[in-house]
Amino acid sequence: MLHLPSFCQLKNNMKIMKILVVDDEKDIQPLFEQRFRREIKNDEINFVFAYSGEEALDCLKDYKHEAVLILSDINMPGMSGLELLDRIKEKNHKPPPVVMMITAYGDEENYKHAMKLGADDFLTKPVDFKELKEKIKKLK
Amino acid sequence: MNNSLIPFILSFLLSQRLFRFSKINNYRQWEKWFSYARFFSVFLFAAGLILKASNTTQWMWHIFLVSLLLFTFQQKEMQKQRMYLLAFAPYVVVSLLADLTRVIVTDFYIRWESYFGNAVMLSIIWLVAILFSQYRQNKATEKERIRRQKEDEINRAIAIRKVELEDLVTERTAEITKQKEELVQTLNELKATQAQLIQSEKMASLGELTAGIAHEIQNPLNFVNNFSEVSSELLDEMAEEQKKGNTEETAAIANDIKQNLEKIIHHGKRADGIVKAMLQHSRSSSEIKKPTEINKLADEYLRLAYHGLRAKDKSFNATLKTDFDEAISSIDVVPQEIGRVILNLLTNAFYAVSEKKKQLEKNTPADGNQAEQKSYNPTVLISTKKLNGKVEIKICDNGKGISEDDVDKIFQPFYTTKPSGKGTGLGLSMSYEIVTKAHGGQLNVKNNKGGEGVTFTVILPVKK
């Protein structure tokens with residue numbers, strides 16, 4: 001929630017891509033911030049971090065459909081990434097946000113389940129940031 | 001005839017008496033003599049009757065009786081019969097004196113005849129009285145003898161029985177000793193088996209943990225790798241900025257790199273801690289108490305248990321709540337033991353909530369009323385609290401609960417409600433042992449009010 005103020009300030013600037021990252025590991029924030037250092041500095045991407053599925057839903061509720069891309073971990077205590085995915089896709093946001101699932105368990109079952117629920121992509125940990133950047137570029 | 005009847009009866013009785021006494025006491029010689037005396041008295045009586053020579057036999061009687069008395073009186077062996085001899089003596093003496101007086105001084109005798117007669121009568125009365133008293137005394141003695149004999153018999157029987165019993169006791173003792181040895185052996189075998197079971201329970205719980213541990217190590221390792229990579233890139237960038245002479249940006253990047261290195265150290269230590277915890281968990285010895293941060297330990301095992309289960313059952317999920325009392329400082333425990341207890345209680349809690357969820361899913365068929373199913377939120381809460389001289393760890397779930405029957409048996413070894421193969425039934429009994437015996441604490445279970453789930457409470461004393 002640390003970055004919500006900046007998120008608010010920038011919400012009218014449609015050039016900036018908003019990405020909501022959901023993971024229960026808090027150190028994901030400095031990692032993303034440094035990996036996307038240049039993009040953040042150049043105001044290309046704005047990150048918001050949520051540390052649980054519930055928090056992510058709250059973020060989405062508060063800021064409507066502004067997040068274009070949601071990167072979510074699957075394995076989280078409480079609401080899992082898959083449940084979050086289900087909720088997001090259920091509500092039929094328009095335009096629908098792109099949801100990419102990230103998980104440490106890159107197994108078939110999770111993959112199929114995520115795809116069935118309407119996930120747009122499926123990444124495994126450790127995240128290949130080059131690949132992720134490529135994918136983000138394509139979205140633009 | 002009258003004159004010889006009384007001497008006959010008396011001498012016969014006396015001889016008979018002495019004969020029997022000799023026989024009883026085994027005085028062979030006297031036995032023979034008194035037997036002769038008996039026959040002699042019969043012979044003398046018969047002779048007196050046949051020959052009608054009462055005067056002759058009368059003197060014979062006197063001689064016989066006096067000699068019998070004197071002879072017997074002198075014998076040591078016959079001392080016990082002196083009372084009889086004394087009983088007979090007055091008659092023998094008086095009648096002898098009367099007869100002598102009658103023959104020698106007949107006038108005197110005739111004048112005093114009635115006195116002589118009376119004296120004889122008195123001596124006979126004396127004799128009867130003594131005999132009677134002797135008879136009664138004998139009877140009493142006989143009674144006493146019989147009583148003694150019976151007593152002796154009883155004593156002898158008791159002695160025999162005692163010997164028998166002693167034999168029996170020896171036999172039994174040998175038997176019991178043998179049994180004891182067998183039991184000791186069995187006990188040793190059981191102890192060995194128990195140690196093996198404990199080890200296998202440890203290994204089983206380690207197996208449960210493996211996936212969780214893998215996940216828990218994977219995450220910090222990912223961070224170590226990612227932060228290292230990004231730092232390396234940042235160094236390149238920093239070099240570029242330095243070339244450009246952009247000192248502000250260079251400093252910012254340097255700061256980031258420093259932060260990253262700290263993150264790398266942090267996650268490296270995290271992985272290290274997990275590996276150490278895993279090793280401690282499987283180790284069977286090293287049960288030394290050391291100051292342990294209970295909150296940290298609880299948190300560590302909460303993650304391990306959760307991810308362990310998640311890795312095994314991908315559909316499983318639960319809300320984890322923690323409520324740690326920061327006032328708790330380190331307390332002296334065996335960390336891996338208490339960790340095992342927490343892990344075990346948490347694994348059970350997770351099992352209970354996932355079972356309840358499965359039950360609800362079964363009860364509400366697809367497309368049916370899913371309201372209840374949706375509204376059920378599996379939750380496990382672990383909380384710590386500082387009490388007076390104690391620390392309380394509570395593990396609370398909203399799972400399927402425990403029936404009252406099971407509550408009583410839950411800490412018994414090998415008691416499990418899990419399907420066969422899913423639980424050893426040793427987890428809780430081992431936890432109980434660890435908490436109560438090794439740490440002097442308490443482990444309780446209680447169904448939550450409102451009938452949803454259970455709460456396990458571990459209370460550990462804080463020893464300075």
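Mentor: Before we start: helix directions count as roughly parallel under 35 degrees, roughly antiparallel over 145, roughly perpendicular from 65 to 115, and oblique otherwise. This is a predicted model, so local features need pLDDT of at least 70 and side-chain atom pairs 80 or more, while totals for chains, interfaces and linings use all residues. Residues are numbered from 1 along each chain as its sequence is written, with chains lettered from A and ligands numbered from 1 in written order.

Trainee: So how are α4(A) and α5(A) oriented to each other?

Mentor: Helices (H or I, at least four residues) and strands (E, at least two) are DSSP runs numbered from the N terminus. Angles run from 0 to 180 degrees between N-to-C directions, with axes fitted to C-alpha atoms, for helices over the stretch in contact. Here α4 (53–62) and α5 (81–90) of chain A pack at about 25°, axes 9 Å apart. α4(A) and α5(A) are therefore roughly parallel.

Trainee: Which residues of α4(A) make the contact?

Mentor: Contact means C-beta atoms, placed from the backbone, lie within 7 Å. On the α5(A) side we find A:G81, A:E83, A:L84, A:R87 and A:I88. From α4(A) come A:G53, A:A56, A:L57 and A:L60.

Trainee: Over in chain B, which are the edge strands of the open sheet?

Mentor: Strands pair if DSSP finds at least two bridges between them. The five strands run in the order β2-β4-β5-β7-β6, with mixed pairing. Two of them pair on one side only, β2(B) and β6(B).

Trainee: How many bridges join β5(B) to β7(B)?

Mentor: These strands, 390–397 and 454–461, run antiparallel. B:C396 stands opposite B:T455 in β7(B). The bridges number seven.

How values were computed:
Contact = placed C-beta atoms within 7 Å.
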